[in-house]
Amino acid sequence: MIFIKTPEEIEKMRAACDLVSRTLGEVAKWVKPGVTTLKLDTIAREFILDNGGKPACLGYHGFPGTLCIEVNETVVHGFPSNYALREGDIVGTDCVAELDGWNGDSCYTFAVGEIDEKKQALLTVTRESLYRGIQAATAGKRIGDISNAVQTYCERHGYSVVREMCGHGIGKSMHEDPEVPNYGRRGIGPVLKPGMLICVEPMINMGSKNIVIERNGWECRTRDRKPSAHFEHTILITDGEPEILTTFDHIERALPGGAGEDKQEITINEG
């Protein structure tokens, strides 16, 4: 069942999305060579708790962390560990923060120090595909329009789209209907209606689309062990342009050089 949120519920979602955005902004300050992924997880957990929230992933069906950690070939659902980040790694940090019973969800894939051109291109295209998908998320269109926008953009640049993992609805539960795949045909799937809240999250591989689930039953990595990138926003379907409730602004300001405002996000919000 797809839940249409009331104005009061949407305001609570705004607060949850603000918390998860600020959390990843805090994590961004610590992403550097030599820092363990467990340290990043601790930073996120403490920040959420200190700000009155709950780390929604922690304990979810037994998941052991606040963050899903995605180093290099890990697509999704990696465990925080004593692995120390290395120069040239990329690391995704997927986070869900619950506040007042509502969930905000976002993911950002970081470059650790200097990365090679191929990895940087993967990050750039994956992030751009996120906004292509969001631009397609207007009322009256269908989920397949989002899916197709992501897929065609990434495949045009020579990358592959993970089939088994997808975006989703969100609200009081971190995963609600509808599913939001990153591949598909335009004009199919549920109709987008004002008041729907969904997460768009491209998971894009440098090599093959094929994945493997590790023995722990959680960690998903590329079969060919080539890098994968992942970016995610929580968005609101409106009568006009989609509204992005999460933001990368806090992350951008925390990164070396302080890139500041997320220009792609502003462009979409302004139409």
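Okay, let's start with a pair of helices: helix 3, residues 117-135, and helix 4, residues 143-156, have axes that come within 8 Å and cross at roughly 150°. Keep in mind as we go that this is a predicted model.

So how do those two helices run relative to each other? An angle over 145 degrees counts as roughly antiparallel, and therefore helix 3 and helix 4 are roughly antiparallel to each other. The crossing itself, helix 3 passing helix 4, is right-handed.

Who makes the contact? On the helix 3 side you've got Val-125, Glu-128, Ser-129, Arg-132 and Gly-133. Helix 4 answers with Ile-146, Ala-149, Val-150, Tyr-153 and Cys-154. If you sort the residues of that contact by character, you get six nonpolar, two polar and two charged.

While we're on helix 4, have a look at Ser-147, which sits in that helix. Its relative accessible area is 1%, so Ser-147 is buried. Skipping the neighbours within four places in sequence, Ser-147 is in contact with Pro-181, Asn-182, Tyr-183 and Gly-184.

Now over to helix 1, residues 7-28. Here's a quick sanity check you can do yourselves: with 22 residues at 1.5 Å a residue, helix 1 should span 32 Å, and its end C-alpha atoms are 31 Å apart, so that agrees.

Which residues of helix 1 are buried? There's a whole list, including Ile-10, Met-13, Cys-17, Leu-19, Val-20, Leu-24 and Val-27. Ser-21 and Thr-23 are buried in helix 1 too.

Arg-14 belongs to helix 1 as well. With a relative accessible area of 28%, Arg-14 is partly exposed, because that class runs between the 20% and 50% cut-offs. Beyond the neighbours within four places in sequence, Arg-14 is in contact with Leu-236, Glu-243 and Leu-245. And if you want a sense of distance, the C-alpha atoms of Arg-14 and Leu-123 are separated by 26 Å, with their positions 109 residues apart along the chain.

Last stop is Cys-107, in strand 5, residues 102-111. Buried or exposed? Cys-107 comes out at 0% relative accessibility, so it counts as buried. What does Cys-107 touch, apart from neighbours within four places in sequence? The contacts are Leu-24, Glu-70, Thr-93, Asp-94, His-230, Phe-231, Glu-232 and Phe-248. Leu-24, remember, is one of the buried residues of helix 1. Finally, Cys-107 and Lys-29 are 78 residues apart in sequence, and C-alpha to C-alpha they are 15 Å apart in space.

How values were computed
Residues are numbered from 1 along each chain as its sequence is written. This is a predicted model: local features need pLDDT of at least 70, side-chain atom pairs count only at pLDDT 80 or more; totals for chains, interfaces and linings use all residues. Side-chain values use heavy atoms; hydrogens and water are left out. Axes are lines fitted to C-alpha atoms, for helices over the stretch in contact, and angles run from 0 to 180 degrees between N-to-C directions. Helices (H or I, at least four residues) and strands (E, at least two) are DSSP runs, numbered from the N terminus. Angles under 35 degrees count as roughly parallel, over 145 as roughly antiparallel, 65 to 115 as roughly perpendicular and the rest as oblique. A crossing is left-handed if the near helix is turned anticlockwise from the far one by less than a right angle, and right-handed if clockwise. Contact means heavy atoms within 4.5 Å. Ala, Val, Leu, Ile, Met, Phe, Trp, Tyr, Cys and Pro count as nonpolar, Asp, Glu, Lys and Arg as charged, and the others, Gly among them, as polar. The expected span of a helix is 1.5 Å times one less than its number of residues. Buried means under 20% relative accessible area, exposed over 50%, partly exposed in between (1.4 Å probe, protein chains only).
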